[in-house]
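Here is a short report on ring pairs and one loop residue. Please look over the sequence and the fold before reading on.

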Amino acid sequence: MAIVSGAAFAKTWTNHIGVGVGVPVESVKPKDGEGDSIFQAGFMFDATYIGVHENGFTVKAGFDTGALASDDVELEVIDKNETQTGAFVAFNFGAGYSFVRTEKVLFGTTAMFTYAYNQYEKKDVDYGEEGKFTNKMEFGTLGIGADVFGSLALTNHFGLYANLGIRYIFGGTAATEIAGEKVDADLKGNVLVLPSLGVMWRF
């Protein structure tokens with residue numbers, strides 16, 4: 001009896017796993033309003049899980065990893081116009097509703113929470129008599145917003161998907177280490193955009 005009940009419950013959910021690529025864009029600014037915003041853009045790989053209940057309730061979680069580049073990150077005193085490139089990761093989760101749930105098409109939206117982290121690093125920066133240093137700048141941001149997603153089935157189990165995520169950055173920190181001196185700052189404001197395209201497996 002328990003086995004039958006468990007099987008019936010399992011059928012009320014449809015699971016989707018997607019993998020794809022995207023172009024993350026992020027702009028952050030100091031909480032106190034002092035200093036300019038830092039704009040970053042890059043490339044990422046995306047992994048997403050979407051669980052859809054038969055009543056439309058939807059849960060969503062994802063992981064992004066890649067690289068960001070910025071002209072606003074300064075890790076050298078002499079060349080302030082050099083573009084810096086650093087690692088990027090983001091963890092996303094939330095819940096919402098799928099408005100279209102047919103054999104061919106899935107379309108919905110979810111409220112989302114995101115933690116994103118990225119780091120820029122430049123080794124062996126020469127400061128003359130002071131020696132050489134590894135300069136770093138790290139960002140850890142918290143964002144809330146929404147995802148709009150859709151998928152198109154090509155077979156019974158495989159298809160294509162697209163996702164657009166937008167987050168308002170409501171908090172975070174920036175840690176900078178230049179020539180051995182460390183400075184921390186709080187972040188608040190601006191936006192993180194996470195668009196992606198890929199393939200999706202439904203089961």
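How many aromatic pairs does the structure hold? The structure, a predicted model, holds eight.

## Tyr-97 and Phe-99

One of the aromatic pairs joins Tyr-97 and Phe-99. Their ring centres lie 5.2 Å apart, and the planes meet at 70 degrees. The geometry is edge-to-face, because the angle is over 60 degrees. Tyr-97 has a relative accessible area of 35%, so this residue counts as partly exposed.

## Tyr-120 and Phe-139

Tyr-120 and Phe-139 also pair edge-to-face. Here the centres are 6.4 Å apart and the planes stand at 85 degrees.

Which strands hold the two rings? Tyr-120 sits in strand E6 (residues 105-126), and Phe-139 in strand E7 (residues 132-153). The pair therefore ties together parts that are 19 residues apart in sequence. Are Tyr-120 and Phe-139 buried or exposed? Both are buried.

## A phenylalanine cluster

Phe-93, Phe-113 and Phe-170 form a cluster. Ring pairs link them.

## Thr-12 in its loop

Thr-12 belongs to the loop that runs between helix H1 (2-10) and strand E1 (13-22). Why does Thr-12 count as buried? Its relative accessibility is 14%, and buried means under 20%.

Which residues does Thr-12 touch, leaving aside its neighbours within four places in sequence? Thr-12 is in contact with Val-52, His-53 and Glu-54.

Key:
Residues are numbered from 1 along each chain as its sequence is written. This is a predicted model: local features need pLDDT of at least 70, side-chain atom pairs count only at pLDDT 80 or more; totals for chains, interfaces and linings use all residues. Side-chain values use heavy atoms; hydrogens and water are left out. Helices (H or I, at least four residues) and strands (E, at least two) are DSSP runs, numbered from the N terminus. Buried means under 20% relative accessible area, exposed over 50%, partly exposed in between (1.4 Å probe, protein chains only). Contact means heavy atoms within 4.5 Å. Rings of Phe, Tyr and Trp (its six-membered ring) pair if their centres lie within 6.5 Å; planes under 30 degrees apart count as stacked, over 60 as edge-to-face and the rest as tilted.
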